[in-house]
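Please look through the structure below with the sequence beside it. The paragraphs after it start from the strands and then turn to the side chains.

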Amino acid sequence: MYYNQDQINRANRADLVSFLQAQGEPLERAGQEYRWKRHDSLTVRGNK
């Protein structure tokens, strides 16, 4: 799948924690990261 530069820039600016919480995904704070409660090996730190 091809993404243009504008799409890449928008994705890099996304606030993943806010997005996931708005979708109803359970996240738990773990230091500077958030862990997905359903699969705790998935972590979010900043927009990565």
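Which residue in β2 is the bridge partner of Leu27? The partner is Trp36. The model in view is a predicted one, and this pair is a convenient place to enter its sheet.

The sheet is open and consists of three strands, in the order β1-β2-β3, with antiparallel pairing. At the edges stand β1 and β3, each with a single partner strand, so one side of each has no neighbour in the sheet. Strands of a sheet are held in pairs by backbone hydrogen bonds, and the pairing may be parallel or antiparallel.

Consider the two pairings in turn. Between β1 and β2 there are four bridges, in the antiparallel sense; the pair of Leu27 and Trp36 belongs to this part of the sheet. These strands form a hairpin with two residues between them, and in this hairpin Gly31 has a positive phi near 70°.

The pairing of β2 with β3 is also antiparallel, and it runs over two bridges. Tyr34 has Val44 of β3 as its bridge partner, while Arg35 stands opposite Thr43, again in β3. Here too the strands make a hairpin, with six residues between them.

The loop between β2 (33–36) and β3 (43–44) leads on to the side chains, for Arg38 lies in it. How many salt bridges does the structure hold? There is one, and it joins the side chains of Arg38 and Glu25 at 2.3 Å, N to O. Glu25 is in another loop, the one between α2 (16–22) and β1 (27–30), so the salt bridge ties together parts that are 13 residues apart in sequence.

Are the two partners buried or exposed? Arg38 has a relative accessible area of 58% and is exposed, because the cut-off for that class is over 50%. Glu25, at 22% relative accessibility, counts as partly exposed; the value is not under 20%, so Glu25 is not classed as buried.

The last stop is at the start of the chain. Met1 is placed in the segment before α1 (5–13). Its relative accessibility is 89%, so Met1 counts as exposed. Which residues make a nonpolar surface patch with Met1? They are Tyr3 and Ile8, and the patch covers about 390 Å².

Methods: Residues numbered from 1 in each chain as written. Predicted model: local features only at pLDDT ≥ 70, side-chain atom pairs only at ≥ 80, totals over all residues. Heavy atoms only, no water. Patch = residues over 30% accessible without salt bridge, like charges linked within 9 Å, V, L, I, M, F, W, Y side chains within 5 Å. Areas by Shrake-Rupley, 256 points an atom, 1.4 Å probe, with all protein chains shown as cover. Salt bridge = Lys/Arg side-chain N within 4 Å of Asp/Glu carboxyl O. Buried < 20%, exposed > 50% of the residue type's maximum accessible area, 1.4 Å probe, protein only. Pairing = 2+ DSSP bridges.
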